[in-house]
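User: Could you take a close look at one part of this protein for me? I'd like to see how a single strand sits among its surroundings.

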Amino acid sequence: MSLGRRAFLQFVGGAIGGTLLTPIPWKLADDSAIWTQNWSWRPSPERGEITRVHSICQLCPGGCGITARLVNGRRAVAVTGNAAQAVSGGGVCPLGASGLQYLYAPYRVAKPLKQRGARGDLKGFQEISWDEALKEVATKLTQLRTEGKSHTVACLTGQKRSTMAPLWRQFLTAYGSPNFYTMPDASDSVRLAVALTTGADADIGFHWHKASYVLSFGAPLLEGWGSPVFLQRVFGTWQTEKPGVPRTLWVHVDSRAGLTASKAHRWIACHPGTEAALALGIAHVLVREKLYDAAFVADKVFGFEDWVDPTGAQRKGFKTLVLAKYGLDEVSKITGVAPQTIQELARQLAHQKYPLVVWGQDKGDKPNNLYHDLAFLALNALLGNLSPAGTLALVPHDPWPVFPEPVLDEKAYRGLGQPALGRPSTVPRTKVPVNTVMPFLEAVAAGSEYPLELLFVHEANPVYSLQETALVTQAVQKAGMVVSFSSYMDETTQWADLVLPNHNALERLDDVLGLPGLPLAAYALASPILKPHHDTRSTGDVVLSLAAALGGDVAQGLPWKSYEEVLKQRVAAIAEAGSGLVAAANAFDPATAPTDRGLSPNFKDAADLWNKLKAGACWVDVVPTPQSFATPSQRYELACQGLMASVSASASDELFLPRFHPLKPSGDETEYPLLLTTYATLMLSESYVPNAPFMNKLLPDDLLLAQDVFVDIHPETARSLGLADKAAAVLKTPRGEARVRVRVTTSVRPSVVAVPQGFGHTAYDAYVQNKGFNANGLVEVQLDPVTGLGTVWATRAQLRRA
């Protein structure tokens with residue numbers, strides 16, 4: 001695929017470019033800097049002494065090191081990358097570079113608020129003191145517990161890779177509620193797939209630096225997926241020529257050619273949502289031509305051959321299934337990829353010394369179909385990528401638990417005995433908690449089980465960020481009492497009854513637990529760069545104060561005086577483990593790190609480690625490759641015996657094996673002949689925080705023009721609909737409709753409409769509101785029939801002239 005000048009400039013000098021992701025001075029951002037002088041709330045610091053403070057960015061899960069420049073220690077004037085931090089190496093993405101615009105934004109919540117009017121009325125909010133607010137919440141919690149309704153309390157947090165998530169879980173467990181949820185992301189399904197196949201509670205890490213050939217199924221590696229700046233650095237190493245070392249080959253499979261596809265050596269265009277079928281077609285060739293790692297499969301894999309289940313029933317294995325059902329012609333019909341291309345990809349993979357298969361969608365913020373995750377893992381297993389010499393790592397999700405099992409009193413025991421709202425009975429019984437957010441919201445909205453009396457929403461904006469926004473809004477409105485811990489007056493906080501504002505990400509002490517996609521265990525502390533300049537409080541401290549107010553076993557389950565004490569205990573656990581090091585730039589190379597043992601510490605004790613982490617460093621350790629697996633067979637299980645409890649004994653053999661299992665979208669195909677897919681870019685924030693004004697100025701005119709969002713369609717689609725480039729149109733799905741403009745491009749397949757995420761906010765301020773439409777309002781969520789996770793791949797749609 002050719003790359004035009006405009007796209008090249010976006011990559012090296014603008015939206016993603018060298019000015020943001022390398023330590024190059026920001027000369028190319030001058031136009032944006034001049035434009036910012038028009039903001040009424042632009043801070044104008046006095047002249048004075050310049051100092052610098054290092055920390056970790058918390059605006060996405062990437063965990064990049066940042067450096068804030070301060071004037072007289074009171075006003076922050078810039079955020080850049082921290083060149084001394086080993087993972088990000090001085091880079092920062094557009095979101096991180098815009099961090100100060102969230103710190104000083106006019107839509108910050110400055111002190112606790114109580115809704116005294118109708119819920120949703122911004123004018124009804126009135127300021128109250130922290131003592132009043134905490135007393136009101138504690139009173140409600142005490143009342144519900146006394147009435148035997150502790151199970152009617154729920155929490156939804158967006159801080160998944162932080163100690164805040166297990167702190168909230170500990171609080172709800174000690175209190176007596178099974179309804180704890182995190183905002184969904186890809187790890188929800190991947191952790192379940194890993195648990196079923198390996199028996200471990202682990203995330204998948206990829207040995208990027210080792211890989212000689214990368215086959216990416218839908219993962220937009222250069223557009224915010226995983227740890228964005230780290231992957232940009234990896235991409236740089238792939239493109240760097242070294243004497244005697246061939247460059248890493250990279251093939252990207254997707255229904256849309258975004259920046260990632262344009263930078264890959266090859267783009268394979270497939271039908272939306274069929275990547276797993278293509279993976280199984282490749283597996284078919286590997287098995288048929290005996291190109292798989294036979295030694296690893298024979299020694300470490302269960303279920304490749306036909307097998308006998310614990311009841312004595314004969315079951316078909318993966319080999320039988322993949323040879324019978326995923327031939328080249330069958331897979332070609334499903335995916336739209338030519339048979340010879342499938343065969344070519346399989347042979348290329350098989351003849352590489354270090355092949356790597358990665359998968360995902362958007363920025364990794366959506367769970368996948370469980371069987372599709374199993375398919376991608378199976379392809380890696382056939383290639384031997386889970387062996388010591390392989391390119392996959394099993395990174396423990398939380399290797400340093402700091403929360404003991406709380407002592408449960410009778411009230412907590414009874415509450416935890418109640419079923420979680422919406423939890424399907426088919427959920428696999430593994431050590432991994434199943435994050436069934438969408439079934440929970442459906443149950444609340446329908447009122448089909450028991451009422452939700454109290455909902456905590458922390459560092460999340462589900463009314464905007466989750467798909468099927470009408471359903472989410474209905475669920476929030478149905479909750480008896482909503483308490484928001486947001487730093488901002490966002491779409492969800494507007495529906496709250498109480499707002500207990502958290503410190504901004506640059507004002508609070510917090511941590512980052514693991515970095516998505518890294519083949520290493522990682523931990524970092526995000527230190528405040530400034531004292532809070534509003535009457536806000538750390539949510540961690542608020543949770544602990546609520547536990548203390550409730551007293552009894554709840555208080556004993558959370559005995560810490562402050563959230564800082566909790567974090568110090570976690571750092572002490574890391575130090576006591578006696579492995580890993582504080583990685584400095586140019587002092588640690590993931591490509592040469594051992595995989596059979598931990599790294600030697602370079603810190604004296606827990607106090608020394610704490611001080612180094614507070615100064616902006618990152619602790620890392622290698623993850624030894626497992627010699628055996630904690631499954632019933634003690635092997636990697638292609639046939640997942642852990643699913644025996646989720647399906648009937650007479651179930652089809654396919655239900656235990658990786659397979660292509662599409663969930664049919666709703667709507668009549670004659671009325672909705674197109675498939676709508678969404679995509680993410682580094683230029684657009686689509687999660688908890690909105691696009692900052694700085695980021696909006698980086699948006700090209702063919703993405704947003706005035707208030708209209710452009711959608712991508714193929715020239716064939718445009719001709720069949722009578723639509724010209726830049727024409728105004730109406731995009732409609734079974735979930736709603738929106739006005740759009742059309743961009744005619746060969747970067748999408750025919751019959752596909754590709755829509756960007758991150759527009760359409762109705763909250764915040766004039767620089768954020770009323771820019772296009774929220775794609776989540778048009779998207780359909782389909783519940784995985786085994787896990788109950790809310791998956792998203794495509795939605796039926798129609799496009800007509802406006």
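Analyst: Here's a walk through one strand, its partner and the core. Keep in mind that this is a predicted model.

Let's start with strand β15, which covers residues 355-359. Five of its five residues are buried, so the strand is largely enclosed by the rest of the structure. Look at which way the side chains go: P355, V357 and W359 point to one side of β15, while L356 and V358 point the other way. Both sets are buried.

Now for a partner. Strand β9, residues 213-217, pairs with β15 in the parallel sense, and the pairing runs over five bridges. If you want a spot to click on, find L215, which stands opposite V357 in β15.

Next, go to F217, in the β9 range of 213-217. Setting aside residues up to four places away in sequence, F217 touches V357, V358 and W359 from the β15 stretch, along with G360. The other residues it touches are V253, E275, L278, A279, I282, F376 and L379.

That brings us to the core. The largest nonpolar core has 107 residues, and F217 is one of the four that touch the most other members, together with W208, I282 and F318. Notice that I282 is also on the list of residues that F217 touches. There's a second, separate core too, with 63 residues, including V437, L452, L723 and V742. As a general background point, nonpolar side chains tend to be buried together in soluble globular proteins.

Technical notes. Residues numbered from 1 in each chain as written. Predicted model: local features only at pLDDT ≥ 70, side-chain atom pairs only at ≥ 80, totals over all residues. Heavy atoms only, no water. Core = buried A, V, L, I, M, F, W, Y, C linked by side-chain atoms within 4.5 Å. Buried < 20%, exposed > 50% of the residue type's maximum accessible area, 1.4 Å probe, protein only. Contact = heavy atoms within 4.5 Å. Helix = DSSP H or I, 4+ residues; strand = E, 2+ residues; numbered from the N terminus. Pairing = 2+ DSSP bridges.
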